[in-house]
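Q: I'm new to this one. Can you walk me through it?
A: Sure, here it is.

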Amino acid sequence: MQAIIIIYSLDKKSFPSSILDVIAITILFVIFSGVPIITLNIILSTKEQNDIITVLSQVFGFGAILFFIKYINNIKIGFNFKIKSYIPLIIFGIFLLTIFIVFIIPFLFYINSFISPTEELINPFNSLVYIFGGIFIGPIIEEILFRNIILTSLVNNPKYSVKKAIIISAFIFSIIHIVPSQIFSSFILGLFIGFYFYKTNSLFGSILLHASVNLIITICSYLHFKYGNERIYRLSDIYGDYTIFIVSFFFVIMCFSAIRLIKNNFFKLHNKKVT
């Protein structure tokens with residue numbers, strides 16, 4: 001089954017071609033998206049207004065990067081993109097989501113409870129703009145920038161091995177999130193999605209994976225808000241009486257999906273160029 005997605009696909013032959021180019025792009029993205037957020041958040045008072053500005057600033061920063069690459073550096077940008085098979089996407093997606101549910105998200109909540117011990121739990125579904133930005137806009141922008149542009153450029157550079165390219169792109173992807181707990185979870189996410197993108201050359205699949213993880217984090221945050229405790233000392237403080245069932249159930253699913261991926265040799269890396 002194939003699907004053609006109308007989306008940016010960069011023909012990267014000259015820029016970015018090195019780690020310095022990658023750092024330059026990242027700094028520009030942070031500046032173009034971060035400055036409006038900081039400036040306008042000082043002026044605006046409500047959380048809803050701040051969320052709107054955050055989403056619009058990401059879009060503006062992303063547009064500035066595309067303009068910089070396409071017009072200033074004269075790099076050709078195409079629009080066709082294909083997904084050859086949804087089976088690897090579904091199996092790998094289940095594996096990734098269960099890893100986050102069983103390990104990463106509980107650790108994320110645990111760290112947050114000690115970094116901000118006085119912060120009250122909030123319902124993540126209170127802000128529809130924040131949800132829309134986190135599940136739709138954010139994954140599209142970040143996957144095009146950090147996987148389709150940055151990772152592809154590093155992989156196609158003979159100076160960097162595939163593993164090093166994935167690690168570098170994941171690290172740079174993580175540090176733009178600033179919050180310590182998000183830096184860790186974003187780095188892990190960047191490693192997994194970077195690996196998937198390299199294996200499948202599927203930008204659309206990477207966007208779906210990223211959006212799915214953000215969605216599951218939002219759902220788990222709601223469950224924590226609804227049934228958990230603000231301070232986490234034990235596993236049951238995360239989702240209350242449902243914690244053991246949730247973690248155990250998804251741990252079993254994670255094991256089965258991992259076995260399926262191993263049998264299909266999905267985790268093996270082969271040096272190849274990404275187009």
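A: One definition to start: a charge sits over a ring if NZ of Lys or CZ of Arg is within 6 Å of the ring centre and within 35 degrees of the ring normal. Also keep in mind that this is a predicted model.

Q: Ok. Which ring does the charged end of Arg-147 sit over?
A: The ring of Phe-173. The distance to the ring centre is 4.5 Å.

Q: And what about Lys-199, which ring is under its charged end?
A: That one is Phe-266. Here the charged end is 5.6 Å from the ring centre.

Q: Let's turn to ring pairs. How many aromatic pairs does the structure hold?
A: There are 21 aromatic pairs. Take Phe-92 and Phe-95: their ring centres are 6.4 Å apart and the planes meet at 50°, so this pair is tilted.

Q: Where do Phe-92 and Phe-95 sit in the chain?
A: In helix H3, which covers residues 87–115. They are three residues apart there, so about one helical turn separates them.

Q: Are Phe-92 and Phe-95 buried or exposed?
A: Buried, both of them.

Q: What is the ring geometry of Phe-92 with Phe-266?
A: Those ring centres are 5.4 Å apart. The planes are at 45°, so this pair is tilted too.

Q: Which parts does that pair tie together?
A: Phe-92 is in helix H3, while Phe-266 is in the segment after helix H9 (243–263). The pair therefore links parts 174 residues apart in sequence. Both Phe-92 and Phe-266 are buried.

Q: Which residues form the aromatic cluster with Phe-92?
A: Phe-95, Phe-192, Phe-195, Tyr-196, Phe-266 and Phe-267 join Phe-92 in one cluster. So Phe-266 has a place in that cluster, and the charged end of Lys-199 sits over its ring.

Q: New topic, cysteines. How many disulfides turn up in a search of the whole structure?
A: Zero.

Q: Is Cys-220 buried or exposed?
A: Cys-220 is buried, because its relative accessible area is 5% and buried means under 20%. Cys-255 is partly exposed, at 32%.

Q: Now the surface. Which residues form the nonpolar patch?
A: Leu-20, Ile-23, Ile-27, Ile-31 and Val-35. Together they have about 450 Å² of accessible area.

Q: Where is Ile-23 placed?
A: In helix H1, residues 19–43.

Q: How accessible is Ile-23?
A: Its relative accessibility is 36%, so Ile-23 counts as partly exposed.

How values were computed:
Residues are numbered from 1 along each chain as its sequence is written. This is a predicted model: local features need pLDDT of at least 70, side-chain atom pairs count only at pLDDT 80 or more; totals for chains, interfaces and linings use all residues. Side-chain values use heavy atoms; hydrogens and water are left out. Rings of Phe, Tyr and Trp (its six-membered ring) pair if their centres lie within 6.5 Å; planes under 30 degrees apart count as stacked, over 60 as edge-to-face and the rest as tilted. Helices (H or I, at least four residues) and strands (E, at least two) are DSSP runs, numbered from the N terminus. Buried means under 20% relative accessible area, exposed over 50%, partly exposed in between (1.4 Å probe, protein chains only). A disulfide is a pair of cysteine sulfur atoms within 2.5 Å. Patches are made of residues with over 30% relative accessible area and no salt bridge: like charges are joined within 9 Å, nonpolar side chains (Val, Leu, Ile, Met, Phe, Trp, Tyr) within 5 Å. Accessible areas come from the Shrake-Rupley method with a 1.4 Å probe; for residues, only the protein chains shown count as cover. A salt bridge is a side-chain nitrogen of Lys or Arg within 4 Å of a carboxyl oxygen of Asp or Glu.
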